[in-house]
Amino acid sequence: SDKFLTHLIFPEFTKRNWLVHNLEEINEALKQIKTRRVVVKSPYGFGGKTVEILSKAQCKKLKLTEPTLFQEFIDSSKGIPGIVEGMHDFRVICLGSKMVTSYVRTPPKGKLLSNWSGGGSLDYIPLKDVPKKVKAITNSVLKRLELLPNTLYTVDFMYENGKTPYLIEMNNNPTFQIIPGYEKEATHFYKMFIKHVQKF
């Protein structure tokens with residue numbers, strides 16, 4: 001649930017993150033952030049509710065009420081080859097010690113955030129079509145967390161410049177939408193989830 005902890009555990013797969021508490025730390029982080037835009041979020045938020053994409057000038061005017069995560073902006077506008085064109089994020093859901101489903105989300109026209117709750121669209125991607133680089137990173141995550149076999153979490157990615165996938169965050173409170181036309185995928189996931197829970 002701690003998005004900063006994701007960066008600390010998997011720094012080789014993420015863009016650099018800064019946890020800031022005051023204006024002095026904001027200014028120090030902004031000196032090191034190379035992108036024009038900055039992703040600002042709560043380390044514990046979900047559903048895109050606490051996420052903002054701001055200019056550096058806007059960041060300097062923030063009045064923080066809690067520790068806040070700053071991330072370099074990832075330009076995903078070139079999509080994922082063979083999967084999606086344009087802005088996106090790519091989510092893999094892991095149950096126990098394996099990948100069980102995946103989907104790509106795209107933001108509404110003119111927006112940058114792709115969360116379903118914020119009006120984004122969603123398309124399921126068969127596991128066989130998950131890009132090799134995403135699979136490799138996800139398998140590394142699974143291996144590192146293999147001592148926690150009873151978990152349910154997501155591994156979320158964005159492709160920068162259509163070439164390089166970066167782990168943007170993990171989420172231990174994923175929603176699973178039943179989308180018209182994807183009832184088969186939903187049924188498959190819920191059967192696996194029920195089977196997993198029955199072990200306890």
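**Exercise 1. Salt bridges**

How many salt bridges does the rule count, if a salt bridge is a side-chain nitrogen of Lys or Arg within 4 Å of a carboxyl oxygen of Asp or Glu?

*Solution.* The count comes to eight salt bridges. The structure is a predicted model, in which local features need pLDDT of at least 70 and side-chain atom pairs count only at pLDDT 80 or more, while totals for chains, interfaces and linings use all residues. Residues are numbered from 1 along each chain as its sequence is written, and side-chain values use heavy atoms, with hydrogens and water left out.

**Exercise 2. Three pairs compared by burial**

Determine where the partners of three of these salt bridges lie, and whether they are buried, exposed or partly exposed. Buried means under 20% relative accessible area, exposed means over 50%, and partly exposed lies in between (1.4 Å probe, protein chains only). Helices (H or I, at least four residues) and strands (E, at least two) are DSSP runs, numbered from the N terminus.

*Solution.*

Step 1. Arginine 144 and glutamate 12 form a salt bridge with an N to O distance of 2.6 Å. This pair links distant parts of the chain, 132 residues apart: arginine 144 belongs to helix 4, and glutamate 12 to the loop between helix 1 and strand 1 (17-20). Arginine 144 is partly exposed, because its relative accessibility is 40%; glutamate 12, at 45%, is also partly exposed.

Step 2. Aspartate 89 is bridged to arginine 105, with the closest N and O atoms 2.9 Å apart. Here strand 5, which holds aspartate 89, is linked to strand 6, which holds arginine 105, and the partners are 16 residues apart. With a relative accessible area of 5%, aspartate 89 is buried, and arginine 105 is buried at 7%.

Step 3. Aspartate 156 and arginine 91 meet at 2.8 Å, N to O. The pair connects strand 8, the site of aspartate 156, with strand 5, the site of arginine 91, across 65 residues. Aspartate 156 has a relative accessible area of 1% and is therefore buried; arginine 91 is buried at 4%.

**Exercise 3. The surroundings of serine 114**

Describe the position, burial and partners of serine 114, then continue to threonine 106. Contact means heavy atoms within 4.5 Å. A polar contact is a pair of N or O atoms within 3.5 Å; within protein, one must be able to donate a hydrogen and the other to accept it, and residues adjacent in sequence count only if both atoms are side-chain atoms.

*Solution.*

Step 1. Serine 114 sits in the loop between strand 6 and strand 7 (121-124). Its relative accessibility is 4%, so serine 114 counts as buried.

Step 2. The side chain of serine 114 makes a polar contact of 2.8 Å with that of aspartate 89, the residue that also forms a salt bridge with arginine 105. Apart from neighbours within four places in sequence, the contacts of serine 114 include Asp89, Arg105 and Thr106.

Step 3. Threonine 106 lies in strand 6 and is buried at 16% relative accessibility. Its side chain makes a polar contact of 2.4 Å with the side chain of serine 121. Beyond four places in sequence, threonine 106 is in contact with residues including Val84, Met87 and Ser114.

**Exercise 4. The two sides of helix 5**

Establish which residues of helix 5 are buried and which are exposed.

*Solution.*

Step 1. Helix 5 covers residues 183-197, and its 15 residues should span 21 Å at 1.5 Å a residue; its end C-alpha atoms are 21 Å apart, which agrees. The expected span is 1.5 Å times one less than the number of residues.

Step 2. Ala186, Phe189 and His196 are buried in helix 5. They occupy an arc of only 95 degrees around the axis, which puts them on the same side of the helix; the arc is that of the directions from the helix axis to the C-beta atoms.

Step 3. Lys184, Lys191 and Lys195 are exposed on the other side of helix 5. The buried residues of helix 5 pack against strand 5, strand 6 and strand 8.
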